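Here is a quick tour of a two-chain model, from the contact between the chains to a few backbone oddities. Have the structure open while you read.

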Amino acid sequence: MVSLTATVTGKRQTRRPAGRSIGRPGLAWALPATIFFALFAIVPLVLVAVLSFTNWSGLGSPEYAGFDNWVKVFQDPVMIKSLWLSVLLTVLGVVVQTPLSILLGVWAAGPERNRAVLSAIFFVPLLLSATAVSVLWRALLDPNFGVPSQARWLFGDGNLFGTQTAAIGVLVFVSTWQFTPFHALIYQGAARAVPQVLYQAAEIDGAGTVRQFFHVTLPQLRNSIITSMILMIVGGLTTFDTVLILTQGGPGTDTTISAYYMYDKAFKGFDFGAGAAVALMLVVVATVISLVVVRVSGYDKMTGTKEGL
Amino acid sequence: MRRRPNYLAGLGALLWLGLVGTPLYVMLGATVQSRADYSAGGPLSFPVPSPWTTTSRTSATASGSTS
């Protein structure tokens with residue numbers, strides 16, 4: 001249209017500066033998202049940072065306390081233990097959920113009608129709140145009335161909340177039960193987007209189902225795997241309600257993950273300054289882990305076939 | 001192109017169906033039992049809770065409480 005107008009009017013068009021393409025969004029386009037992010041992420045984060053340098057019980061006005069809360073929190077052995085437990089739960093969650101959700105998602109991506117029906121049932125746990133799921137599993141795993149009481153040969157004394165290993169196992173299992181469908185949904189969409197011609201080429205080359213999965217499907221799911229892993233990491237580090245209902249941080253402090261420790265400090269101990277310090281530590285750990293995943297996986301250098309706006 | 005059935009994947013899907021379906025069944029079963037029956041039988045009162053009652057549902061719908 002521009003060249004046509006130029007031809008008709010006979011005027012020379014000024015050339016655009018090098019590197020600027022037509023339709024590339026300017027700074028104004030980023031303004032709504034920036035305002036939204038600043039208002040709902042940066043401002044609360046700054047307020048929490050300020051709160052971590054004060055003493056506040058929830059009543060009256062916060063009083064400046066310098067680094068007292070930080071020193072107090074780092075001198076508490078439960079703090080370091082809680083960070084370690086958060087990372088452990090997150091890693092276990094990623095290790096267990098990733099292969100399961102990939103298999104489930106790839107299977108659900110098939111065109112058969114029975115898969116569509118079963119997929120709909122598989123995704124039901126996703127519709128339930130974490131609280132409902134935790135209450136349900138608390139009842140099912142109850143040592144006196146639940147499954148362990150009926151299967152002593154498998155569960156021993158049946159108290160799955162009595163030892164650290166068993167309690168962590170329960171937490172990983174319940175979050176896997178609830179969140180695997182969500183990640184499977186991501187992989188289902190990604191698997192359906194894999195070009196059919198790749199499978200046809202692999203079949204001509206003599207590749208069977210297993211080889212096609214490892215050499216065609218998995219590489220094509222790479223972007224989705226990293227996206228899903230980052231979501232799992234963030235979700236794992238911020239898990240709270242499941243721990244609150246299933247183990248309440250116990251036995252002792254053996255499942256007191258950072259989010260629960262923060263709640264314990266702030267809302268049970270009414271020490272909001274220390275709670276804010278724990279919250280900030282959690283933000284730092286989550287950011288570092290996410291950055292490492294993005295860097296190691298090369299996610300920051302990936303380019304899509306469509307760049308969007 | 002005709003696809004060969006993947007029996008292993010089918011078996012895995014059935015196992016997952018059991019893992020997902022059983023707790024959901026237990027949850028639905030609990031909603032049609034009275035509090036006394038649930039306390040007596042526990043969450044594992046298979047195959048179907050008896051006698052059925054809609055007390056919990058009507059009570060929850062009416063007042064948001066099951067007491």
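Start where two helices from different chains come together: A:Leu118, A:Ile121 and A:Phe122 in α5(A) meet B:Ala13, B:Trp16, B:Leu17 and B:Val20 in α1(B). Keep in mind that this is a predicted model. The helices involved are α5, residues 113-122 of chain A, and α1, residues 7-31 of chain B; their axes come within 10 Å and cross at roughly 30 degrees. As for the hand of that crossing, α5(A) passes α1(B) in a left-handed way.

Now for the chains themselves. Chain B has three helices and zero strands, so to speak a plain α-α-α run from the N terminus on. Chain A has 15 helices and two strands. Here are the overall figures side by side.

| Chain | Residues | Buried | Contacts (separation of 6 or more) that are 24 or more positions apart | Exposed area | Share from carbon and sulfur |
|---|---|---|---|---|---|
| Chain A | 309 residues | 39% | 68% | about 18,100 Å² | 67% |
| Chain B | 67 residues | 21% | 26% | about 4,700 Å² | 65% |

Out on the surface of chain A, which residues make a nonpolar patch of about 360 Å²? The patch is the work of A:Phe37, A:Ile42, A:Val46 and A:Val50. To find it, go to helix α2 of chain A, residues 27-51, where A:Phe37 has its place.

The backbone has some details worth a look too. Take the loop between α13 (241-246) and α14 (258-268) of chain A, which is where A:Pro251 is found. The peptide bond leading into A:Pro251 from A:Gly250 is cis, and its omega is near 5 degrees.

That loop between α13 and α14 of chain A also holds A:Gln248. Its phi is near 50 degrees, a positive value in a residue other than glycine. Is A:Gln248 buried or exposed? A:Gln248 has a relative accessible area of 53%, and it counts as exposed because the cut-off for that class is over 50%.

A:Phe270 is another residue other than glycine with a positive phi, near 50 degrees. To see A:Phe270, move along to the loop between α14 and α15 (272-297) of chain A.

Note on methods
Residues are numbered from 1 along each chain as its sequence is written. Chains are lettered from A and ligands numbered from 1 in the order in which they are written. This is a predicted model: local features need pLDDT of at least 70, side-chain atom pairs count only at pLDDT 80 or more; totals for chains, interfaces and linings use all residues. Side-chain values use heavy atoms; hydrogens and water are left out. Patches are made of residues with over 30% relative accessible area and no salt bridge: like charges are joined within 9 Å, nonpolar side chains (Val, Leu, Ile, Met, Phe, Trp, Tyr) within 5 Å. Accessible areas come from the Shrake-Rupley method with a 1.4 Å probe; for residues, only the protein chains shown count as cover. A salt bridge is a side-chain nitrogen of Lys or Arg within 4 Å of a carboxyl oxygen of Asp or Glu. Helices (H or I, at least four residues) and strands (E, at least two) are DSSP runs, numbered from the N terminus. Buried means under 20% relative accessible area, exposed over 50%, partly exposed in between (1.4 Å probe, protein chains only). Contact means heavy atoms within 4.5 Å. Axes are lines fitted to C-alpha atoms, for helices over the stretch in contact, and angles run from 0 to 180 degrees between N-to-C directions. A crossing is left-handed if the near helix is turned anticlockwise from the far one by less than a right angle, and right-handed if clockwise.
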